[in-house]
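Open the model in your viewer and keep the selection panel at hand. The tour below goes from one selection to the next.

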Amino acid sequence: MRKLVLAASIAAMTAGAAAAETVRMGTEGAYPPYNFINDAGEVDGFEREVGDAICAIANLDCVWVTNDWDSIIPNLVSGNYDTIIAGMSITDERDEVIDFTQEYFPPDPSAYMALAGASDDVVNGVVAAQTATIQAGYVASSGATVVEFSTPDETVAAVRSGEADAVLADFAFLADIVNESNGELIFVGDDVAIGGGIGVGVRESDAELKAALNAAIDQMKADGSLNALIAKWFDGREASY
Amino acid sequence: MEMCADPSSLEGINWWMCYLTTGKHQAFYASFGTVLLLLALTAPVVMVLGFSGAMARKSSIPPLRWLGMIYTNVVRGVPDIIFFLFVPIAMDQGIEYFRHRVKCPDVLEPIRQGNDFVVCTAAKMPLGSSPQWMHEAYGFSLALVAFALVFGAFAANTLYGGMNAVPRGQLETGEAFGMTQRQVFWRIQVPQMWVYALPGLTNLWMILIKATPLLFLLGVEDIVYWARELGGSKTSRFAYPHPDWRLYYFAFLLVFYLFMTWASEKVFARLTRKLSHGQATLGGEALKVTA
Amino acid sequence: MSCYDTLMDYGLRSIGIGERLLPKTDITLCDQFVLIGSGMIWNIYFAVFAMVLGFGLATLVAVGKASTSPWASVPAKAFIFVFRGSPLFIQFFLAYEIFVLIPKAGIDINLGFAIITAETRWLTKAWLGAVVVLFLNTSAYSGEIFYGALQSVPKGDVEAADAFGMSGFRKFRRIIWPAMLRLAWPSYTNEAIFMFHATTLVFFSGFPAWRQSGDALYYASYFADKTFNPFVSYPIIAVYFVAFTLLIIAVFGWANARLNRHIAPVQKVKFRFKPQFIR
């Protein structure tokens with residue numbers, strides 16, 4: 001699964017980077033506003049800015065690479081990059097395989113999105129989710145019929161085409177799409193709280209890197225810069241770090 | 001371009017001109033080069049592997065002959081995709097394992113720690129500190145080797161058939177002239193086998209062209225990767241929002257591939273005519289009449 | 001849990017029978033063998049339906065391409081060119097995008113004794129959509145093989161049929177078609193093998209997996225992701241494919257013997273495993 005990738009980006013840091021250690025940041029690049037590839041072909045989004053800020057504080061020389069979501073953990077453990085910073089919720093199942101830093105984004109409820117006019121019952125019908133996400137696991141065990149797609153974009157396309165009745169994904173990802181659909185798409189049913197907050201994934205054998213990242217996140221929480229970034233990318237959402 | 005500074009104000013033809021020249025689109029256009037580069041580099045490697053495979057099968061040393069047989073038959077009996085999913089990781093981990101043994105003999109911790117595949121920093125391939133293009137080049141070379149291994153088996157089979165198709169009388173004539181086995185092989189059999197192997201090789205080239213989208217599965221950013229990325233619907237987070245256009249991007253890829261196979265067909269038709277000159281085959285006879 | 005229990009729970013998992021949730025932890029070798037084997041049901045289904053349906057269309061395409069009328073030969077040639085000239089992978093992607101756009105409607109099919117409503121939305125499911133793509137693809141490849149065979153039907157056979165006063169469809173049905181089939185069979189066997197191998201592409205084709213049931217590769221990659229070890233599940237699927245490839249060779253070999261049973265031993269058409277049609 002060497003789905004390794006991307007010329008997306010140049011070394012991010014400059015400040016005193018001469019002797020800095022190179023850290024390869026792995027992300028998906030298909031989940032706005034968390035991370036996406038902008039029109040210039042570079043990794044962009046909330047996590048790009050958070051990651052760059054963390055690297056600046058920890059004095060790391062960061063390089064961004066993208067990787068398909070469904071093989072993002074295997075490629076971390078086999079060493080193709082050193083961190084996963086891709087809107088990945090901290091769950092027990094994942095924690096068994098890799099380690100997480102403290103969260104840099106609070107737990108975000110997952111929401112159902114459907115075509116306008118759909119009733120709340122659609123959450124028990126055919127629900128689309130991205131393969132290997134906490135949402136896919138949740139739908140599979142909820143009794144609804146799960147349809148799995150490999151990219152987030154395809155799950156939304158499935159709802160538009162009527163292929164699936166609803167899609168379950170992070171609220172923040174769907175919010176943009178609902179807002180810009182001219183009323184075609186709506187949120188339905190109750191939001192569900194599935195995973196924990198979002199943290200940076202690292203290999204279990206990389207305790208040193210994990211400590212450095214944790215210290216940097218601590219500092220960003222203390223000086224308010226993390227709150228500011230969350231407000232910037234998530235429509236003024238107030239986080240209380 | 002100057003006018004593309006504020007995409008939201010653009011309309012009509014200007015919007016399209018700016019949209020089609022974004023950095024992402026340039027990466028898309030460049031990825032066609034990646035595909036052509038893969039074809040250009042794989043073809044000679046495939047020929048070398050195929051030729052070695054065919055020679056191994058003709059060898060008088062039994063183990064070498066068996067190796068040739070196993071290689072050509074097993075690889076062809078398993079779907080190519082399964083090889084592609086498997087071979088690059090196996091090679092990657094194999095290389096790193098080997099480098100770990102050589103470069104860090106004093107590291108005593110096991111390489112497999114639970115789920116982690118941990119080799120020392122110096123054994124990483126490529127080194128973690130090397131620039132991104134090295135990582136990409138390495139990924140691309142793994143893909144290239146995987147392609148060459150699979151198609152080499154097919155080429156070996158075709159060339160083996162071609163060698164055997166050279167008329168027995170030609171070889172005997174060579175022997176009558178007092179040539180050694182080696183001379184007969186290199187001076188008579190090899191130069192003549194091409195015309196017999198050409199239909200098979202043409203077919204193989206077509207298959208190779210049509211297998212290039214599988215690069216996408218190997219994690220190389222090829223035209224399929226970018227078509228999917230560009231075609232997906234874009235919200236106003238992006239400078240050029242648009243609905244789901246994957247259909248058009250894939251249709252474009254279809255046209256590209258149809259053109260590639262069509263053009264190849266023309267080229268090979270010419271090559272066949274050329275090689276048939278002076279050959280004791282139906283094609284060769286036909287040329288004699290018209291010439 | 002013993003391996004027998006696993007077989008009972010997961011043996012038919014891919015078609016929705018048995019335990020609903022896939023194993024997540026403590027995955028055994030037996031789990032992998034059973035679930036991947038269960039997924040093979042789909043690969044066989046895809047290959048069988050595409051080949052059986054494709055056989056008919058391939059004959060039509062071959063006759064069309066050989067026809068002197070441009071009304072028949074041009075569409076047949078274009079069909080072969082498009083489906084043989086482009087990668088199956090792209091065909092799958094494109095077909096899925098097109099199927100999604102087709103308005104969702106029910107089409108009534110009158111069978112005389114009953115009326116069946118065919119839903120166009122079925123096309124976006126792999127069980128129908130992928131079969132349609134594979135069917136068209138194999139029709140083009142087999143059509144070309146049949147066309148080649150049609151060109152080499154011995155002239156004497158046709159003249160003999162004329163001498164018997166056979167004409168039109170009867171001559172085709174009784175003389176040309178059997179001769180064509182006999183000549184094409186070895187290549188057709190290779191086509192069957194590669195059609196079967198091509199079913200692995202369905203997993204990557206854009207058709208989503210429903211209820212976590214999918215083909216063999218779906219489960220193989222599921223296990224590779226869960227266990228982080230590709231060195232078990234992919235060789236297992238390879239073993240399955242080699243086994244079924246041998247089965248195809250046996251079945252088609254038997255059919256070849258039947259097709260050739262009236263022919264003198266010298267002219268018999270022999271099958272050689274000569275796969276040249278990956279797409």
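Start in chain A by selecting Ser110(A) and Asp170(A): Asp170(A), in strand 11 of chain A, is the bridge partner of Ser110(A). This is a predicted model, and the pairings described here are computed from its coordinates.

Extend the selection to the two strands. Strand 8 of chain A pairs with strand 11 of chain A in the antiparallel sense, over five bridges. Now add strand 9 of chain A, residues 126–130, which runs parallel to strand 11 of chain A and is joined to it by two bridges. To find this pairing, pick Val127(A), which stands opposite Ala166(A) of strand 11. As for cover, five of the five residues of strand 11 of chain A are buried.

Next, select residues 171–179 of chain A, which form helix 6. How many of its nine residues are buried? Seven are, so that under the cut-off of 20% relative accessible area the helix counts as mostly covered. The buried residues are Ala172(A), Phe173(A), Leu174(A), Ala175(A), Asp176(A), Ile177(A) and Val178(A). Show their surroundings: they pack against strand 2 (30–31), strand 8 (110–115), helix 5 (152–160), strand 11 (166–170) and strand 12 (185–192) of chain A. Strands 8 and 11, among these neighbours, are the antiparallel pair already selected.

Leave chain A and display chains B and C together. In this interface, 40 residues of chain B are in contact with 38 residues of chain C. The area buried between the two chains is about 3600 Å², with 76% of it from carbon and sulfur atoms. Colour Ile82(B), Lys210(B) and Leu247(B): they supply 17% of the area that chain B buries against chain C, more than any other three residues.

For the polar side of the interface, select Arg246(B) and Glu97(C). Their side chains meet in a salt bridge, at 3.7 Å from N to O. The rule finds one salt bridge across this interface, and four residue pairs are in polar contact. On the side of chain B that touches chain C, the elements giving two or more residues are helix 3 (62–77), helix 4 (80–103), helix 5 (132–165), helix 7 (181–211), helix 8 (223–231) and helix 9 (246–276). Helix 9 of chain B gives the most, with 10 residues.

Finish by colouring chain C by pLDDT. Its average is 85, and 92% of its residues score at least 70. Residues 275–279 of chain C stay under 50, and the model has 31 contacts beyond four places in sequence for them. Where pLDDT is low, the predicted coordinates should not be read in detail. For the complex, the predictor gives an ipTM of 0.85 and a pTM of 0.86.

Notes
Residues numbered from 1 in each chain as written. Chains lettered and ligands numbered in written order. Predicted model: local features only at pLDDT ≥ 70, side-chain atom pairs only at ≥ 80, totals over all residues. Heavy atoms only, no water. pLDDT = per-residue confidence, 0-100. Contact = heavy atoms within 4.5 Å. Buried < 20%, exposed > 50% of the residue type's maximum accessible area, 1.4 Å probe, protein only. Helix = DSSP H or I, 4+ residues; strand = E, 2+ residues; numbered from the N terminus. Pairing = 2+ DSSP bridges. Buried area = accessible area lost by both parts, 1.4 Å probe. Salt bridge = Lys/Arg side-chain N within 4 Å of Asp/Glu carboxyl O. Polar contact = N/O pair within 3.5 Å; in protein donor to acceptor, adjacent residues only side chain to side chain.
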